[in-house]
Amino acid sequence: MLFAIPVGRKEFDRAAESDSDYMNRNVLRSGNIRVAWDEAYERVSGAAEGLIRTALELGCTVVRSARLTDLANATGSNYDTVVLFSHWRGAFLEEQDIIGDLDVIRDRLPEFVGVEGSSGGANQICKAMNRAIQDGTLLSRIPDASIVNAGRSDHAIGKALARDILDEVLSGLVIPGNRIELGDGCHSPLAFASAVGESFRGVLDLAMCNSVILGTFLDLRTQNKIRHLHWPDLLLPAPQMTKVEAALRLMEAEGLDYVSARLWIEEQEQNGAIANERDWYS
């Protein structure tokens with residue numbers, strides 16, 4: 001079990017003082033570390049600590065502040081299931097993502113996002129780029145029809161592809177999107193997939209937002225040789241951790257494999273059959 005987001009107050013404070021995309025973009029929006037902890041992250045930390053206690057009790061290996069090398073070690077060992085809690089730096093841009101000269105960006109944008117993207121400040125430029133990512137028009141610039149079709153059939157993949165196009169056009173001018181953040185920084189899908197052990201044939205649970213993108217890349221890279229669980233939307237970490245803990249308890253009680261236990265819990269939640277988090281394994 002790999003935790004690449006903070007667990008506990010000390011890890012939270014260290015991450016808050018770093019350049020963590022997860023902390024800056026998601027957790028510290030108010031700018032107040034104490035408020036962010038008290039009003040939101042303490043619950044995440046509590047869920048993580050509860051999961052860790054259960055995981056250790058049931059004989060799992062737990063790694064905190066997980067790095068790319070930890071992923072490589074976990075998938076290169078004899079583990080049949082690897083669960084990763086991490087952060088996905090997605091497709092949309094914010095002002096702090098602009099690191100290059102605005103005039104240079106303005107010169108390059110009209111061809112891709114329309115005339116209105118070539119005027120205004122950083123905020124207006126970001127809005128223009130995000131509209132182009134959202135509406136899917138950039139996909140027409142991809143020559144491979146099968147990739148275009150994949151982007152049009154899955155909105156998350158379509159947004160990721162559009163952002164890749166803009167990142168290529170604005171290389172060195174914006175911080176790239178479509179990155180997974182681990183304890184040692186942000187990594188491209190290629191770097192992530194390359195770190196997964198070549199002989200790994202277990203299950204990889206990508207318990208992070210929009211992990212369908214990373215899962216799709218893994219399939220292409222490994223020719224569908226790795227079983228993985230992925231999720232298409234934004235996820236709140238605390239409920240995910242509680243559900244993984246419930247899956248572990250269910251495996252222990254009923255003898256289920258991880259995928260069956262995890263998906264059963266998801267199905268029960270979607271059907272409204274569960275009223276209380278603890279009912280998942282009671």
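This passage looks at one helix and its partner, and then at a single methionine elsewhere in the chain. The structure is a predicted model.

Helix 9 covers residues 155-169. A good place to begin is its N-terminal end, which is capped by Asp154: a side-chain oxygen of Asp154 lies 3.0 Å from the backbone nitrogen of Ala156. The length of helix 9 is as expected, because 15 residues at 1.5 Å a residue should span 21 Å, and the end C-alpha atoms are indeed 21 Å apart. Of these 15 residues, 12 are buried, so helix 9 is largely enclosed by the rest of the structure. The buried residues include Lys159, Arg163 and Asp167, along with Leu161, Ile165, Leu166 and Val169.

Helix 11 (residues 212-222) is a partner of helix 9, and the axes of the two come within 9 Å and cross at roughly 80°. Helix 9 is therefore roughly perpendicular to helix 11. At the crossing, helix 9 contributes Ala156, Ile157 and Ala160, which meet Val212, Ile213 and Thr216 of helix 11. Five of the residues in this contact are nonpolar and one is polar, with no charged residue taking part. Ala156, whose backbone nitrogen faces the capping oxygen of Asp154, is also one of the residues that meet helix 11.

Attention now turns to Met241, which sits in helix 12 (residues 237-254). Met241 counts as buried because its relative accessibility is 0%. Leaving aside residues up to four places away in sequence, Met241 touches Phe3, Ile5, Val44, Ala47, Ala48, Leu51 and Phe85. Gly46 is 195 residues from Met241 in sequence, yet their C-alpha atoms are 9.7 Å apart in space.

Notes: Residues numbered from 1 in each chain as written. Predicted model: local features only at pLDDT ≥ 70, side-chain atom pairs only at ≥ 80, totals over all residues. Heavy atoms only, no water. Axes fitted to C-alpha atoms, helices over the stretch in contact; angles between N-to-C directions. Helix = DSSP H or I, 4+ residues; strand = E, 2+ residues; numbered from the N terminus. Parallel < 35°, antiparallel > 145°, perpendicular 65-115°, else oblique. Contact = heavy atoms within 4.5 Å. Nonpolar A, V, L, I, M, F, W, Y, C, P; charged D, E, K, R; others polar. Expected span 1.5 Å × (residues − 1). Buried < 20%, exposed > 50% of the residue type's maximum accessible area, 1.4 Å probe, protein only. Polar contact = N/O pair within 3.5 Å; in protein donor to acceptor, adjacent residues only side chain to side chain.
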